[in-house]
Amino acid sequence: MTDTTGATPVRGPALGRAARRLAAVLPPGALITDPVRLRTYECDGLTHHRAVPGVVVLPETAGQIAAVVRICNEYGVPFVARGAGTGLSGGALPRTDGVLVVTSRMRRVLEVDLPNRRAVVEPGVTNLAITEAVRPHGYYYAPDPSSQQVCTIGGNVAENSGGAHCLKYGFTVNHVLALEIVTPDGDIVTLDADDPGYDLLGAFVGSEGTLGITTKVTVRLLRAPEAVTTLLAAFGSIEQGGRAVSAIIGGGIVPAAIEMMDALAIEAAEAAVACAYPAGAGAVLIVELDGPAAETALRSAEVERVCRESGAFELRTAADPAERAAIWKGRRSAFAAVGRISPAYIVQDGVVPRTALPGVLASIDRLSAEHGIRVANVFHAGDGNLHPLVLFDDAEPGAAERAEAVSGRILDLCVEHGGSITGEHGVGVDKARYMPKMFTDDDLDTMQLVRCAFDPRGLSNPGKVFPTPRLCGEVPGVRRGAHPLVESGRAEQF
């Protein structure tokens with residue numbers, strides 16, 4: 001099979017036959033087989049895991065995606081959906097023997113229904129574009145991942161993305177009212193929050209592309225709040241900032257967001273975007289409150305008092321939207337900013353109870369010192385969602401292995417303290433081996449049964465989420481001998 005960039009074979013006879021069929025059902029330029037162009041799609045935002053896809057397709061409609069999936073089923077070819085590629089768990093890692101379905105051309109806002117406070121969008125619409133479409137009317141879309149300028153709503157649905165304001169407003173699942181999806185056997189169906197019976201919509205959101213491909217999303221719109229107050233508090237240590245967080249939440253205040261950065265993360269942000277946070281801060285806390293003006297003013301005064309009593313040596317309150325954006329600038333840039341102070345880094349994502357934050361952060365410091373690996377801490381302090389950035393020099397022998405060890409131990413700490421291995425980035429391929437540390441074999445088998453109910457042939461984003469895939473129809477329970485997929489070389493057993 002070839003495309004217009006040159007004669008290039010695809011991998012395997014089944015994929016070759018499927019590619020010829022795909023060329024007939026897709027518009028011109030929507031099929032990519034050239035190896036140079038394919039490398040564009042070899043990884044998502046977690047570049048540690050790479051695989052050049054066998055074929056890439058760029059559909060423009062749900063009907064085209066359904067046709068692609070039916071062809072994949074006909075030839076037994078695996079397929080993986082991909083949005084903007086900003087994921088951080090290897091969730092969109094392609095298959096070298098499969099088809100990568102890229103939804104970036106499906107970027108229309110199909111409907112805005114302000115009386116019912118909803119909008120209907122295609123999966124390639126960026127997160128921020130939804131808010132931009134309705135902001136002139138006084139509405140917005142609440143979930144706001146740091147990558148919201150580029151990440152797409154289809155990927156948000158796959159990973160159940162959150163963002164800084166998830167403390168008060170929740171995650172993607174709390175703002176999706178309906179989905180049009182292409183099932184793993186190629187049918188187009190609608191999942192609606194109002195449907196009676198089992199919550200299939202809730203099961204699909206956060207399923208990381210293993211239950212099908214999103215083709216249309218109906219999202220909830222919120223009225224823009226009357227007032228927004230953004231405060232920046234600087235502390236001498238991260239422990240002082242942690243005490244402030246506990247006191248704020250313990251006092252019955254529920255801010256829209258509470259974000260914290262430690263000294264190393266601040267250093268990176270200053271180098272990248274010159275955010276001008278207070279000099280000498282061991283940690284900064286960003287607290288944002290919104291709602292009725294009178295309530296917001298009262299709560300802001302309470303937060304300021306708590307921060308001072310917890311040891312804040314400087315407090316700033318944004319006077320206008322420009323100052324608010326300036327306060328958020330450093331936090332929004334944190335992940336990319338560490339590239340200014342480290343040749344390579346691992347973005348981690350785990351959750352601990354708020355009360356466990358001081359102990360876990362102290363343990364991360366000890367791990368950092370023991371392994372000679374720096375860790376910059378950035379996190380959603382209000383709900384205990386940690387994003388440690390594990391820094392290393394990939395040109396230094398053994399540094400990558402030490403960084404991986406620290407990264408994995410951080411996840412162990414989260415589980416040991418009653419938390420989770422992921423808060424919003426997903427499991428993907430990167431964290432599948434940690435799933436047995438959170439769940440029993442029976443738990444994992446039950447999850448697999450749900451997956452098999454949607455995808456009995458195991459073609460939709462295979463190799464993700466679960467550490468040891470089993471064939472649909474295989475009896476749950478203790479396994480003996482090598483798994484058939486392992487024996488055939490199609491799966492790796494951890």
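The exercises below work through selected features of a predicted model, each with a solution in steps.

Residues are numbered from 1 along each chain as its sequence is written, and side-chain values use heavy atoms, with hydrogens and water left out. Because the model is predicted, local features need pLDDT of at least 70 and side-chain atom pairs count only at pLDDT 80 or more, whereas totals for chains, interfaces and linings use all residues.

**Exercise 1. Cysteines**

Task: Determine how many disulfides the structure holds, and state whether Cys414 is buried or exposed.

Solution: Start from the criterion, in which a disulfide is a pair of cysteine sulfur atoms within 2.5 Å. By this criterion the structure holds zero disulfides. Cys43 is in no disulfide, and the nearest cysteine sulfur, that of Cys151, lies 17 Å away. For Cys414 the closest cysteine sulfur is in Cys166 at 15 Å, which is too far for a bond. Next, apply the accessibility classes: buried means under 20% relative accessible area, exposed over 50%, and partly exposed in between, with a 1.4 Å probe and protein chains only. Cys414 counts as buried because its relative accessibility is 0%, and Cys43, at 12%, counts as buried as well.

**Exercise 2. The annotated domain and the four-stranded sheet**

Task: State which residues UniProt assigns to the feature "domain: FAD-binding PCMH-type", and work out which strands stand at the edges of the open sheet of four strands.

Solution: The unreviewed UniProt entry places this feature at residues 49-224; UniProt positions are given in the numbering used here, feature names are shortened, and annotations may be inferred rather than shown by experiment. Over residues 49-224 the chain is 22% helix and 25% strand, with the end C-alpha atoms 40 Å apart. Helices (H or I, at least four residues) and strands (E, at least two) are DSSP runs, numbered from the N terminus, and two strands pair if DSSP finds at least two bridges between them.

The sheet of four strands has the order β1-β2-β4-β3, with mixed pairing. Each of β1 (31-32) and β3 (79-82) has a single partner strand, so these two stand at the edges and one side of each is left without a neighbour in the sheet. β1 pairs with β2 (residues 55-57) in the antiparallel sense over two bridges, and Leu31 stands opposite Val57 in β2.

For the helices, axes are lines fitted to C-alpha atoms, for helices over the stretch in contact (heavy atoms within 4.5 Å), and angles run from 0 to 180 degrees between N-to-C directions. Helix α1 (residues 13-25) lies across β1, β2 and β4 (99-102), at about 20 degrees to β2, while helix α3 (residues 62-75) lies across β2, β3 and β4, at about 170 degrees to β4.

**Exercise 3. The five-stranded sheet**

Task: Give the strand order of the open sheet of five strands, and identify which of its strands α3 lies across.

Solution: The order is β5-β6-β10-β8-β9, with antiparallel pairing. β5 (109-113) and β9 (188-192) each have a single partner strand and stand at the edges, so one side of each is left without a neighbour in the sheet. Neighbouring strands of this sheet are turned by 15 degrees against each other on average, direction ignored. Between β5 and β6 (residues 118-121), which run antiparallel, there are four bridges, and Glu111 stands opposite Val120 in β6. Helix α3 lies across β8 (176-182), β9 and β10 (213-220), running at about 50 degrees to β8.

**Exercise 4. Strand β13 and helix α9**

Task: Explain why strand β13 is largely enclosed, and establish what covers the buried residues of α9.

Solution: Six of the six residues of β13 (residues 257-262) are buried, so the strand is largely enclosed by the rest of the structure. In a regular strand the side chains alternate between the two faces of the sheet. Here Ala257, Glu259 and Met261 point one way, and Ile258, Met260 and Asp262 the other. β13 runs antiparallel to β14 (residues 283-291), joined by six bridges, with Ile258 opposite Val287; β13 also pairs with β18 (residues 375-380) in the antiparallel sense over three bridges, with Glu259 opposite His380.

In helix α9 (residues 263-273), Leu264, Ala265, Ile266, Ala268 and Ala269 are buried. Their cover includes β13, β14, α11 (321-332), α12 (334-337), β18 and β19 (385-392). Just after α9, Ala274 takes a positive phi of about 50 degrees.
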